[in-house]
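Q: I'm new to this structure and would like a close look at just one part of it. Could you take the sheet and walk me through how it is put together and what surrounds it?

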Amino acid sequence: MLRKILIACLILSLGCSKKTAGFVYNVPPEFEPHVQKFITEAKTRGESISIDNLIIRYDSTLSLLYCATSNVTSKQSDIQRIILFNTHKCWQNSDQLECLIFHELGHCILGREHDSSLMPKGDAKTIMYPDDIALYSSCVYNVGSNCDFLYRRSYYVDELFNPSTPVPDWEK
Ligand SMILES: [Zn+2]
């Protein structure tokens with residue numbers, strides 16, 4: 001009996017602490033793999049990130065100028081993060097969707113601001129470039145390999161977690 005009471009108390013207190021914090025994690029299945037990938041990419045670079053306060057949802061009132069927006073630009077963990085996606089989807093493949101989600105998580109998890117810097121050959125230095133979700137996209141249509149920029153992904157993900165990442169060879 002005592003054990004049952006103890007377990008009941010434990011469940012109650014856990015429930016309460018979650019309620020007190022008031023954070024919600026609600027990420028639709030179509031976005032969830034990319035959020036998990038972000039956590040994995042951080043981990044392989046020595047950064048431990050846990051995300052328990054993130055809501056991602058579509059918002060039909062979002063201006064067509066934006067693919068998505070994040071409610072905060074902050075590393076602070078004790079805030080409810082909300083990413084709103086335009087109902088007019090602006091990505092054309094899963095690489096572009098990942099880039100978009102990584103950009104928004106860059107704002108609300110890593111606290112990174114927009115950065116319009118360009119590298120020597122004129123490509124954006126970072127995923128935090130304001131308006132380009134095709135930085136490391138594979139081909140949208142099957143028209144040869146000139147449109148395949150997936151080889152750039154490792155640099156852009158490195159840079160996301162470490163802005164001092166050196167300019168990659170393909171940009172020199
Ligand atoms: Zn942004």
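A: One definition before we start: two strands count as paired if DSSP finds at least two bridges between them. Also keep in mind that this is a predicted model.

To get your bearings, the protein chain has 4 helices and 3 strands. Going from the N terminus, the elements come in the order α-α-β-β-β-α-α.

Now for the sheet itself. It is an open one made of 3 strands, lined up as β1-β3-β2, with mixed pairing. β1 (54-59) and β2 (68-70) sit at the edges with a single partner strand each, so each of them has one side with no neighbour in the sheet. On average, neighbouring strands here are turned by 20° against each other, if you ignore direction.

As background, strands of a sheet pair through backbone hydrogen bonds, either parallel or antiparallel. Take the parallel pair to begin with: β1 and β3 (residues 81-86) are joined by 6 bridges. If you want to find the pairing in the 3D view, look for Arg57, which stands opposite Leu84 in β3. Another place to look is Asp59, with Asn86 of β3 opposite.

Then there's β2, which pairs with β3 in the antiparallel sense, over 3 bridges. Here the spot to look for is Ala68, which has Phe85 of β3 opposite.

Next, the faces. In a regular strand the side chains alternate between the two faces of the sheet. For β3, the covered face holds Arg81, Ile83 and Phe85, while Ile82, Leu84 and Asn86 are on the uncovered one. So two residues you've already met fall on opposite faces: Phe85 is on the covered face and Leu84 on the uncovered one.

What lies over the sheet? Helix α3 (residues 94-108) lies across β2 and β3, running at about 20° to β2.

From there you can step into the largest nonpolar core, a set of 27 residues. Nonpolar side chains tend to be buried together in soluble globular proteins. Here, the members that touch the most others are Cys99, Leu100, Ile101, Phe102, Ile127 and Tyr156. Two of the strands, β1 and β3, give two or more residues to this core, as do α2 (32-44), α3 and α4 (153-161). The biggest giver is α3, with 7 residues.

Ile127 is a good one to click on. Leaving out its neighbours within four places in sequence, Ile127 is in contact with Cys99, Phe102, His103, Gly106, Leu135, Tyr156, Glu159 and Leu160.

Last stop: α2, another of the helices giving residues to that core. The buried residues of α2 are Val35, Phe38 and Ala42. They span an arc of only 50° around the axis, which puts them on the same side of the helix. That fits a general pattern: an α-helix has 3.6 residues a turn, so residues three or four places apart point the same way. The buried residues of α2 pack against α3 and α4, whereas Glu32, Gln36, Thr40, Lys43 and Thr44 are exposed on the other side of α2.

Note on methods. Residues are numbered from 1 along each chain as its sequence is written. This is a predicted model: local features need pLDDT of at least 70, side-chain atom pairs count only at pLDDT 80 or more; totals for chains, interfaces and linings use all residues. Axes are lines fitted to C-alpha atoms, for helices over the stretch in contact, and angles run from 0 to 180 degrees between N-to-C directions. Two residues are in contact if their C-beta atoms, placed from the backbone, lie within 7 Å. A residue is buried if 20 or more other C-beta atoms lie within 10 Å of its own, exposed if 12 or fewer, and partly exposed in between; C-beta atoms are placed from the backbone. A nonpolar core is a set of buried Ala, Val, Leu, Ile, Met, Phe, Trp, Tyr and Cys residues joined through C-beta atoms within 7 Å. The arc is that of the directions from the helix axis to the C-beta atoms.
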